[in-house]
Amino acid sequence: IPLAESITATGQYLQKYVTEYLQKTGRQVIYGDTDSVFSILKGKEDPTKVAEEINKEVDTHLRTKFNVGNSYIEIELDKTFDKFFIEAKKKYAGEKEGKIKYIGMECVKRDTIPLTVNYQLKLFKKLFEGESKNNIKKWIQEKQKTVLNDEFKPEDLTIRKKISKSPSGYKSDLLHVKIAKKLDLPVGSIVSYIITKGGDSTKLDGIPLSEFKGKWDRKYYWD
């Protein structure tokens, strides 16, 4: 087996084995990725000791099943959370001692508009502080009314995307590329624009921030 493929296959095998071991020993596995496993530990278990236990189990398994003389594989304890929320694969947030870590969420992406960042940060704060579902639902409904009816600073609605090559070099005619062509922007420029008509990527329409006159697609932004 080629080296790269064997490394990937080994990782997948160990991820599956660790998942099954955690479940077999009474720990709930809530998420698994290419090279990681997320588990809810029992009671007040020490995560470090659980990691040591898993490493001993993996070492024994490799020696027994594959006749490995010296195993240098080590399962590393990467992070621990007191509270955890997962939206989708590679998109989650965890809270530890009052500090929240975001992975793949919109609030940590460079091209997310400030309005979304602000709302998402506030939403997670409410979730992790234990606010009731009814209160959170009311808050979301209030924010929906705000987006659909109130006025905002243009900067709060502005999407920013970087042009990494000449606009003429893009095969797909994405909105920020079309705007870059219109403005004759050089490679490396940040395209700042606001959506005026929503839809899929082929139907989106928008204008540069510098030309914004107040018209924007409120439903698109809320969705």
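1. His176 is buried, with a relative accessible area of 9%. The cut-off for burial is under 20%, so His176 counts as buried. The residue sits in helix H6. This is a predicted model, and the points below should be read that way.

2. What touches His176? Beyond its neighbours within four places in sequence, His176 is in contact with Lys161, Lys162, Ile163, Val191 and Tyr193. Lys161 and Lys162 fall in strand E6 (159-162). Val191 and Tyr193 fall in strand E7 (190-197).

3. Helix H6 covers residues 175-183. Which of its residues are buried? They are Leu175, His176, Val177, Ile179 and Ala180. Cover for the buried residues of H6 includes strands E6, E7 and E8, the last spanning 205-208. An α-helix has 3.6 residues a turn, so residues three or four places apart point the same way.

4. Check the backbone just past the helix. Asp184 follows H6 directly and takes a positive phi of about 55°.

5. Asp35 gives the opposite case on accessibility. Asp35 is exposed, with a relative accessible area of 70%. The exposed cut-off is over 50%, so Asp35 qualifies. Asp35 lies in the loop between strand E1 (28-33) and strand E2 (36-40). How far is Asp35 from Lys178? Their C-alpha atoms are separated by 38 Å, and the two residues are 143 apart along the chain.

6. Now the overall form. The protein has seven helices and eight strands. Its radius of gyration is 24 Å, whereas a compact globule of 223 residues would have one near 17 Å. Along the principal axes, the C-alpha trace spans about 70 × 50 × 25 Å.

7. Burial and packing come next. Buried residues account for 30% of the 223. Take the contacts between residues at least 6 apart in sequence: 44% of them join residues at least 24 apart.

8. On the surface, the accessible area is about 14,900 Å². Carbon and sulfur atoms hold 51% of that area. The protein carries 42 positive and 33 negative charges. The mean positions of the two sets are 3 Å apart.

9. Confidence deserves a final look. The mean pLDDT is 94, and 99% of the residues score at least 70. Where is confidence lowest, and where highest? The lowest is in helix H1 (residues 3-24), with a mean of 92. The highest is in helix H4 (residues 133-149), at 98.

How values were computed
Residues numbered from 1 in each chain as written. Predicted model: local features only at pLDDT ≥ 70, side-chain atom pairs only at ≥ 80, totals over all residues. Heavy atoms only, no water. Helix = DSSP H or I, 4+ residues; strand = E, 2+ residues; numbered from the N terminus. Rg over C-alpha atoms; globule rule 2.2 N^0.38 Å. Buried < 20%, exposed > 50% of the residue type's maximum accessible area, 1.4 Å probe, protein only. Contact = heavy atoms within 4.5 Å. Areas by Shrake-Rupley, 256 points an atom, 1.4 Å probe, with all protein chains shown as cover. Lys, Arg positive; Asp, Glu negative; His and termini not counted. Charge placed at Lys NZ, Arg CZ, Asp CG, Glu CD. pLDDT = per-residue confidence, 0-100.
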